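Biologist: I am new to this structure and would like a close look at a single part of it. Could you take me through the charged side chains, slowly and with the reasoning spelled out?

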Amino acid sequence: MNRNKFLAFIRRQISEDVAQKLSDEIYAAYARAQVLSKEEIKALGHERMRGYMRRDFVNDVLAQLGEARHTNPKGEKYGLLQFNDVNMLAFCVDPTRPERPANYKKELAEMNRVLEPAIPDLFDPDSELVRSSLHTCLMVINPKCGEGDPRHPRDILLVVPYTNRKGFHLQVRLRDWLESYKDDVAEPVDPWPTFRKEILETEKDDQED
């Protein structure tokens, strides 16, 4: 299934204004984390606090636009955006080699290892939330230490993971997602039950290969 079909489905659920706001607010969150962590930690090095701030600020962006949810068991909160047939989480991850996007699978596996016990509904293909909507993630790539501008993410990817988390149906830079709205054609898209069936068939075919 090509990426245009996924992008068209997502565009029908998430307006360009919301997508642009996500981009603007996440970049602002990284800038704020850099400034505040340097102000607060003077002698020990601010990098660890900056990492926590990035994660929490990015999740707060989604929580303000959507809702804040508790992990299960309680202890942490995360932001969740829910539209009619699309839900969205966001993660901050350390960079791998950007010229080989397949390496991000390793990052996804690590995210799943940490988060799956705490947020089971979003990682169980049989859960009501996953069955009732397309599960998407904003993968915010941290800049490499000592390289680039620490006030900005290295990149932001919109990804649609497989229901078994062993790969991606879609992996596209956020700026390319935004650019796709300019060429959007008001063509019909499959309803979610039909689209979900096609997704599961694609995964089954890939596993058999």
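Modeller: A salt bridge, as the term is used here, is a side-chain nitrogen of Lys or Arg within 4 Å of a carboxyl oxygen of Asp or Glu. Please keep in mind that this is a predicted model. With that cut-off, a search of the whole structure finds nine salt bridges, and K5, D190 and E198 are linked in a network of them.

Within that network, K5 pairs with D190, and their closest N and O atoms are 3.3 Å apart. Because K5 belongs to helix α1 (residues 3-13) while D190 sits in the loop between α6 (174-180) and α7 (192-208), the pair ties together parts that are 185 residues apart in sequence. K5 counts as partly exposed, at 32% relative accessibility, and D190 is likewise partly exposed, at 28%.

Two further pairs can be set beside this one. E67 and R69 form a salt bridge whose closest N and O atoms lie 3.5 Å apart; E67 is partly exposed with a relative accessible area of 31%, and R69 is partly exposed at 24%. In the other pair, the side chains of R151 and D149 meet at 2.7 Å, N to O, where R151 is partly exposed at 42% relative accessibility and D149 is partly exposed at 26%.

R54 is a charged residue of another kind, since it is buried, which means under 20% relative accessible area, and yet it has no salt bridge. The nearest side chain of opposite charge is that of D94, 6.1 Å away, and because a salt bridge requires the atoms to be within 4 Å, D94 does not supply one to R54. Leaving aside residues up to four places away in sequence, R54 touches Y30, A33, C92, N142, P143 and P150.

The setting of R54 is helix α3, which covers residues 47-65. Its 19 residues, at 1.5 Å a residue, should span 27 Å, and the C-alpha atoms at the ends of α3 are 27 Å apart, so the expected and computed values agree. R54 has company on this helix, for the buried residues of α3 also include R50, M53, F57 and V58, together with N59, V61, L62 and A63. Among the elements that cover these buried residues are helix α2 (16-40) and the strands β1 (67-70), β2 (77-82), β3 (86-93) and β4 (134-141).

How values were computed
Residues are numbered from 1 along each chain as its sequence is written. This is a predicted model: local features need pLDDT of at least 70, side-chain atom pairs count only at pLDDT 80 or more; totals for chains, interfaces and linings use all residues. Side-chain values use heavy atoms; hydrogens and water are left out. Helices (H or I, at least four residues) and strands (E, at least two) are DSSP runs, numbered from the N terminus. Buried means under 20% relative accessible area, exposed over 50%, partly exposed in between (1.4 Å probe, protein chains only). Lys and Arg count as positive and Asp and Glu as negative; His and the chain ends are not counted. Contact means heavy atoms within 4.5 Å. The expected span of a helix is 1.5 Å times one less than its number of residues.
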